[in-house]
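Biologist: Got a minute to go through this one with me? Put it up and I'll ask as we go.

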Amino acid sequence: MSSIKSKPAACDRLWRNARLATLDPALPGLGLVENGVIAAADGRILYAGSEAGLPFPLDQAAEVVDCGGRWITPGLIDCHTHLVHAGDRANEFEMRLAGAGYEEIARAGGGIVSSVRSLREASEDALVHQSLPRLDALIAEGVTTIEIKSGYGLDLENEAKTLRAARRLADERDIAVRTTFLGAHALPPEYRDDRTGYVAKIVNDMLPAISAEGLADAVDGFCEGIAFSTDEMRQVFDAARAHGLPVKLHADQLSNLHGAALAAEYGALSADHLEYTDEAGAEAMAKSGTVAVILPGAFYFIRETKKPPIDLFRRAGVAMAIATDNNPGTAPLTSLLLTMNMAATLFGMTVDECIAGVTREAARALGLLGQVGTLEPGKWADFAIWDIERPAELVYRMGFNPLHARIRNGH
Ligand code: DI6
Ligand code: FE
């Protein structure tokens with residue numbers, strides 16, 4: 001399949017005889033190219049397009065890979081996960097099967113707080129060790145970039161431990177990791193009766209220390225009746241701004257606190273969940289360029305019935321990404337392919353929207369569109385080669401993985 005040449009090379013490696021879904025925004029739909037070629041040098045894409053348009057002769061590539069007519073997409077991007085966590089909540093799953101509700105379990109001291117107990121007991125090594133199988137499941141489906149949030153530590157030591165473990169995953173595996181500080185995920189038990197004190201601790205102690213150590217690429221919060229109010233989130237966002245960190249928000253998941261509009265007001269990279277977002281929220285997001293991150297796994301797992309207003313987002317021109325939300329409480333999900341199927345089946349998203357949602361739009365949601373998310377010159381040579389006849393198969397199948405090869409930084 002692959003031949004090595006010895007003469008001076010125009011590029012390190014070239015993949016030919018491929019069908020490309022480039023996701024190039026200048027092209028319609030998925031930016032399809034038949035009889036396509038990708039040339040990579042120094043880990044980046046030198047050329048992606050038709051073989052006829054290749055700017056140098058084929059034999060000037062150091063190595064040529066024949067893709068046998070397979071499809072190539074950009075490497076998949078999971079732009080919203082809580083992948084680094086300890087233990088599981090299968091017990092709560094059983095409680096819910098017996099009729100208990102998510103909010104009810106949370107109010108009874110279960111939910112996020114039980115994951116906090118487990119995470120605080122786990123060492124950084126144990127967190128890395130427990131998270132790797134989940135990461136490997138995503139990697140096996142062609143994921144090349146992942147976002148990982150803290151939020152189960154809820155004090156400086158344990159939030160920092162989570163973020164360090166997340167960063168370490170990028171050394172353990174060939175994947176780009178973006179970290180997000182989610183101190184405003186829940187009230188820790190020791191601040192149960194002191195909301196003001198905890199928010200002040202995030203703003204005055206935790207966020208500055210995490211920023212100083214360079215542990216987070218962004219700041220997130222859970223804006224919800226069972227979590228933090230919009231006023232509390234404003235304080236956290238103001239602190240993030242003061243430290244030069246971009247923000248994002250778990251917004252309007254279980255009720256409409258106008259979190260989407262708040263996120264937009266702060267120029268958030270993304271607002272996530274959005275089941276209860278209204279027209280004003282969608283319009284504000286469109287205006288600020290805030291990406292809607294759709295999380296069908298959580299919707300499915302907690303048997304939510306209110307769907308995110310996909311049509312509203314389309315009409316308003318809001319970009320839509322899709323992510324697993326991998327977490328022990330509401331989305332023990334480690335398949336981005338299945339997530340696409342859910343977005344299509346449950347929310348009526350189109351095949352093109354689903355595939356763009358885990359590539360180009362997911363990159364946009366992480367502020368990484370200049371580096372990954374499409375097959376365009378200058379970006380990292382991160383892509384997935386698939387054994388499929390047409391792109392729709394990536395969304396259509398359930399529990400089947402047609403990945404042929406995963407290329408990261410040209411390897
Ligand atoms: N929304 C969610 O779906 C997860 N966090 C959040 O803010 C749930 C986290 C958990 O229950 O552990
Ligand atoms: Fe989440």
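Modeller: Let's take the metal site, then the pockets, then the cysteines.

Modeller: This is a predicted model, where local features need pLDDT of at least 70, side-chain atom pairs count only at pLDDT 80 or more, and totals for chains, interfaces and linings use all residues. Residues are numbered from 1 along each chain as its sequence is written, chains are lettered from A and ligands numbered from 1 in the order written, and side-chain values use heavy atoms, leaving out hydrogens and water.

Biologist: Which residues coordinate the iron ion (ligand 2)?

Modeller: His80 (NE2), His82 (NE2), His250 (NE2) and Asp325 (OD), at 2.1 to 2.2 Å. Donors here are N, O and S atoms within 2.8 Å of the metal (3.2 Å for Na, K and Ca), and since water is not among the atoms, sites may look incomplete.

Biologist: How are those donor residues spaced in sequence?

Modeller: The pattern is H-x1-H-x167-H-x74-D. His82 sits in the loop between β7 (76-78) and α1 (90-97), and Asp325 in the loop between β14 (320-322) and α12 (336-347), so this pair ties together parts 243 residues apart in sequence. Helices (H or I, at least four residues) and strands (E, at least two) are DSSP runs, numbered from the N terminus.

Biologist: Is His82 buried or exposed?

Modeller: His82 counts as buried, at 2% relative accessibility. Buried means under 20% relative accessible area, exposed over 50%, partly exposed in between (1.4 Å probe, protein chains only). Asp325 is also at 2% and counts as buried.

Biologist: OK, pockets. How much space lies in the largest pocket?

Modeller: About 440 Å³. Of its 19 lining residues, the closest to the centre are Ala106, Arg107, Val113, Leu187 and Ile226. A pocket is an open set of points on a 1 Å grid over the protein atoms alone, where a 1.4 Å probe fits, with protein on both sides within 12 Å along at least five of seven lines; lining residues have an atom within 4 Å of a point. The volume is the space filled by probe spheres set on the points, which are joined across faces, edges and corners.

Biologist: Which helix gives the most to that lining?

Modeller: α2, with 3 residues.

Biologist: Last topic: how many disulfides?

Modeller: The count is 0, with a disulfide being a pair of cysteine sulfur atoms within 2.5 Å.

Biologist: Why is Cys67 too far for a bond?

Modeller: Because the closest cysteine sulfur, in Cys11, is 13 Å from the sulfur of Cys67. Cys79 is in no disulfide either, with the nearest cysteine sulfur, that of Cys354, 13 Å away.
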